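User: Hi! I'm new to this one and would like a friendly tour. Could you walk me through it?
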Amino acid sequence: LRAQVKGIDKILKLNMNCLLDASIEQKLHAVKEEANKLLKKLENNEFEISIVGLEKAGKSSFANALMGNDILPSKEARCTYTSTQLEYGDDQAIIEFFTVEDFNTKFQSMLKDIDFSNYENINFDVITLDIIENFFEQLKNKDIKMEEELKEIVKFKNEIKKYLSKNNIIFSGDQLFSNEFKSYITNPEKARAVKKIILKSKMLSSMQNIIVYDVPGFDSPTLIHESQTMDKIKNCDAIILVTDV
């Protein structure tokens, strides 16, 4: 892999006069990126597993069983709105938030998907609920999931804004069992602002080189976090499919 990366770098360096077709150059960059990703995993001896399935199948219950505790919220109702990364370490959770810019970029991408005019100049915290509702009223073929997601974001934008660009929050010890910690996973207004939760547990001592992701269900109503689920499925090394726990 190191030789592959080195070889591609040499080729790209020789391509100063644009001898290569643009599509070939793009492919070389893609191969190099994939090689670097695999190289990093090998150097750090990392192995990634995603726990996936439909909502309410029991993915979080399965993850709790791995850790031998009930830290992750698990109940019959929908309870996971954001991805949680499980790994070995001192018992603590690190919550990372989207920046305002990143969140707005994702919001604009959603508007682009529905052919919303002038989407690149619209901020989620400025657009009104009336504008969103009027837009969907005029559509013949509605994307119900997208409509509900955009409405929810605009409706709760003031709550979401409280957490965007916020410094990381760390919970440890008994705080991990608190409703306050769980709210960042289960509360849709808070969870929409969460980029990632890293949960470290001493109970994972036999899995020290493994990172496990408890991700929202395939049928999650939160499109921002649904995309996280699909990315994890594409990039992880193994998948545990939970159907009924």
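Analyst: Happy to. Let's start with Leu-54, which counts as partly exposed because its relative accessibility is 49%. Keep in mind that this is a predicted model.

User: Where does Leu-54 lie?
Analyst: Leu-54 is in a loop, the one between strand S1 (47-52) and helix H3 (59-67).

User: And which residues form a nonpolar patch on the surface with Leu-54?
Analyst: Its partners in that patch are Phe-218, Met-230, Ile-239 and Leu-241. Together with Leu-54, they have about 470 Å² of accessible area.

User: Switching topic: how many salt bridges does a search of the whole structure find?
Analyst: The search turns up 11 salt bridges.

User: Let's pick some. What forms a salt bridge with Lys-190?
Analyst: That would be Glu-180, with the closest N and O atoms 3.5 Å apart. Lys-190 sits in helix H9 (residues 188-191) and Glu-180 in helix H8 (residues 179-186), so the pair ties together parts that are 10 residues apart in sequence.

User: Is Lys-190 buried or exposed?
Analyst: Lys-190 counts as buried, because its relative accessibility is 8% and the cut-off for buried is under 20%. Glu-180, on the other hand, is partly exposed at 39%.

User: Which residues do salt bridges that share partners join into one network?
Analyst: Lys-41, Glu-48 and Asp-237 are joined that way. Within this network, Lys-41 forms a salt bridge with Glu-48, and their closest N and O atoms are 2.8 Å apart.

User: Are Lys-41 and Glu-48 buried or exposed?
Analyst: Both Lys-41 and Glu-48 are buried.

User: What about Glu-46, which residue does it form a salt bridge with?
Analyst: Glu-46 pairs with Lys-40, and the closest N and O atoms are 3.7 Å apart. Glu-46 is partly exposed at 25% relative accessibility, and Lys-40 is also partly exposed, with a relative accessible area of 47%.

User: Now for Ile-211. Where is its place?
Analyst: Ile-211 belongs to strand S6 (residues 210-214). Ile-211 is buried, since its relative accessible area is 11%.

User: Which residues does Ile-211 touch, not counting residues up to four places away in sequence?
Analyst: Ile-211 touches Glu-46 and Glu-48, which came up earlier, along with Phe-47, Ile-49, Gln-85, Leu-86 and Glu-87.

User: How far apart in space are Ile-211 and Lys-151?
Analyst: From C-alpha to C-alpha, Ile-211 and Lys-151 are 34 Å apart, and they are separated by 60 residues in sequence.

Terms used. Residues are numbered from 1 along each chain as its sequence is written. This is a predicted model: local features need pLDDT of at least 70, side-chain atom pairs count only at pLDDT 80 or more; totals for chains, interfaces and linings use all residues. Side-chain values use heavy atoms; hydrogens and water are left out. A salt bridge is a side-chain nitrogen of Lys or Arg within 4 Å of a carboxyl oxygen of Asp or Glu. Buried means under 20% relative accessible area, exposed over 50%, partly exposed in between (1.4 Å probe, protein chains only). Helices (H or I, at least four residues) and strands (E, at least two) are DSSP runs, numbered from the N terminus. Patches are made of residues with over 30% relative accessible area and no salt bridge: like charges are joined within 9 Å, nonpolar side chains (Val, Leu, Ile, Met, Phe, Trp, Tyr) within 5 Å. Accessible areas come from the Shrake-Rupley method with a 1.4 Å probe; for residues, only the protein chains shown count as cover. Contact means heavy atoms within 4.5 Å.
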